[in-house]
Amino acid sequence: MEDSTDSIAVDMETIYLGGKEHIIRTGHGCVSVVLYGDEEKPPLITYPDVALNHMSCFQGLFFSPEAASLLLHNFCIYHITPPGHELGAASICPDVPVPSVDDLCDQILEVLNHFRLGAVMCMGAMAGAYLLTLFAIRYRDRVTGLILISPLCKAPSWTEWLYNKLMSNLLYYYGMCSLSKECLLQRYFSKEVRGTPEIPESDIVQACRKLLDERQSINVLRFLQAIHRRPDITQELEKLKCRTLIFVGDNSLFHSEALHMSEKLDRRFSALVEVQGCGSMVTEEQPHAMLVSLEYFLIGFGLYRPSELDGSPRSPLSPFSISPELLSPESLGLKLKPIKTRVLSRGGDSTCYSS
């Protein structure tokens, strides 16, 4: 096994707009981590979906002024990239065994240990959400909270199994071809932003399509195979005691799975936010729809408390005009247009709308 304490810090400030990339050697290969912010602040780690890195999965959220002022004010961000998904990555040797989801979780632990991080806040999308949830189950003392975007928790359904087999064959025989990219874009985005013969696809889809061109198909295939072989962790969700906030678009391919997961989590510590007219990647398609719920989620950790005089510059509502019950551990979500939110509590579902 390679020495997990070794790393190579690569200055990538021009490419990553202020971030610095670290290549960490772990027992399961090298992994890229891009760091933003003050290392004295509490850590937040991110993990993206298949074929994505932080630029293509979280850029819309973290680069918006409101989210940047909220998240970078409270956290130092550690963007963990799936093996071989960083910019300029070479193809991983075919002789290297495909990692399991357990291997990828151990890799996350090695990253935390390398940076000497204790308990961290976690944000993951789809496959990344599954890995961070599994990490939180296995290493409960290392996770303070989970922010999950269109998460997975069950083994692949027959529909997903067929999709993964199709994607695997495309990637193996044809690489990152046009059909491969279309399948991935369908996984990420709603039909509205992917465009029609009459309406061109949106800028975010065009940008994602270009970034997919940079991926090494063999590396994407390996990550897809790892996630395809994932076990069902539904029964273990009851072990989670950290506060959890789930976002899912109502047009997401994983909408039903996110609902299933929210039903299995401890209702005292979890909330579900359904975003209308959105696909799986809420962070890119409708990042503004996440801000209010994120803000009040963080208040519960004491990480951001708006001034009583000024109110919140990042929320359309003053926190002092909202019922105090919404700030309790039992009620972490809000229901604001165009967000459809389920606040899961012992008394059942509760809902409210902004004017």
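Which residues of H5 are buried? In this predicted model, they are Val101, Leu104, Cys105, Gln107, Ile108, Leu109, Glu110, Val111 and Leu112.

## Overall architecture

The protein chain has 14 helices and 11 strands. Of its 355 residues, 57% are buried. Long-range contacts feature strongly: among contacts between residues at least 6 apart in sequence, 71% join residues at least 24 apart. One pair distant in sequence is Phe63 and Pro287, which are 224 residues apart along the chain, with their C-alpha atoms separated by 9.7 Å. Phe63 sits in the loop between helix H3 (59–62) and helix H4 (65–74). Phe63 is partly exposed, at 40% relative accessible area.

## Helix H5 and the nonpolar core

Helix H5 covers residues 101–114, which is 14 residues. From first C-alpha to last, H5 reaches 20 Å, close to the 20 Å expected at 1.5 Å a residue.

Ile108, one of the buried residues of H5, also belongs to the largest nonpolar core. That core has 103 residues. The residues with the most contacts inside the core are Ile45, Leu61, Ile108, Leu131, Leu146, Tyr188 and Leu212. Helix H6 (residues 127–138) gives the core its largest share, 9 residues. In general, nonpolar side chains tend to be buried together in soluble globular proteins. Ile45 touches Tyr78, Ile80, Ile108, Leu112, Val120, Met121, Cys122, Met123 and Leu132, leaving aside residues up to four places away in sequence.

## Two positive phi angles

Most residues other than glycine have a negative phi. Arg116 is not a glycine, yet has a positive phi of about 60 degrees. Arg116 comes just after H5, in the loop between H5 and strand E6 (120–125). Is Arg116 buried or exposed? Arg116 counts as exposed, at 80% relative accessibility.

Met126 also has a positive phi, near 50 degrees. Met126 lies in the loop between E6 and H6. Met126 is buried, with a relative accessible area of 0%.

## Salt bridges

How many salt bridges does the structure hold? There are 9. One of them joins the side chains of Asp102 and Arg138 at 2.9 Å, N to O. Asp102 is in helix H5 and Arg138 in helix H6, so the pair ties together parts 36 residues apart in sequence. Asp102 is partly exposed at 31% relative accessibility, and Arg138 is partly exposed at 46%.

The side chains of Arg230 and Glu160 meet in a salt bridge of 2.7 Å, N to O. Arg230 is in the loop between helix H11 (217–228) and strand E8 (243–249), while Glu160 is in helix H7 (residues 158–174), 70 residues apart. Arg230 is buried at 3% relative accessible area, and Glu160 is buried at 7% relative accessibility. Glu182 and Arg209 form a salt bridge too, at 2.7 Å, N to O. Glu182 belongs to helix H8 (residues 178–188) and Arg209 to helix H10 (residues 203–213). Glu182, Glu201 and Arg209 are joined into one network by salt bridges that share partners.

## A buried charge without a salt bridge

Glu21 lies in strand E2 (residues 20–26). Glu21 is buried but has no salt bridge. Arg215 is the nearest side chain of opposite charge, 9.3 Å away. A salt bridge needs a nitrogen within 4 Å of a carboxyl oxygen. What joins the side chains of Glu21 and Ser32? They share a polar contact of 2.5 Å.

Note on methods
Residues are numbered from 1 along each chain as its sequence is written. Side-chain values use heavy atoms; hydrogens and water are left out. Helices (H or I, at least four residues) and strands (E, at least two) are DSSP runs, numbered from the N terminus. Buried means under 20% relative accessible area, exposed over 50%, partly exposed in between (1.4 Å probe, protein chains only). Lys and Arg count as positive and Asp and Glu as negative; His and the chain ends are not counted. A polar contact is a pair of N or O atoms within 3.5 Å; within protein, one must be able to donate a hydrogen and the other to accept it, and residues adjacent in sequence count only if both atoms are side-chain atoms. A nonpolar core is a set of buried Ala, Val, Leu, Ile, Met, Phe, Trp, Tyr and Cys residues joined through side-chain atoms within 4.5 Å. Contact means heavy atoms within 4.5 Å. The expected span of a helix is 1.5 Å times one less than its number of residues.
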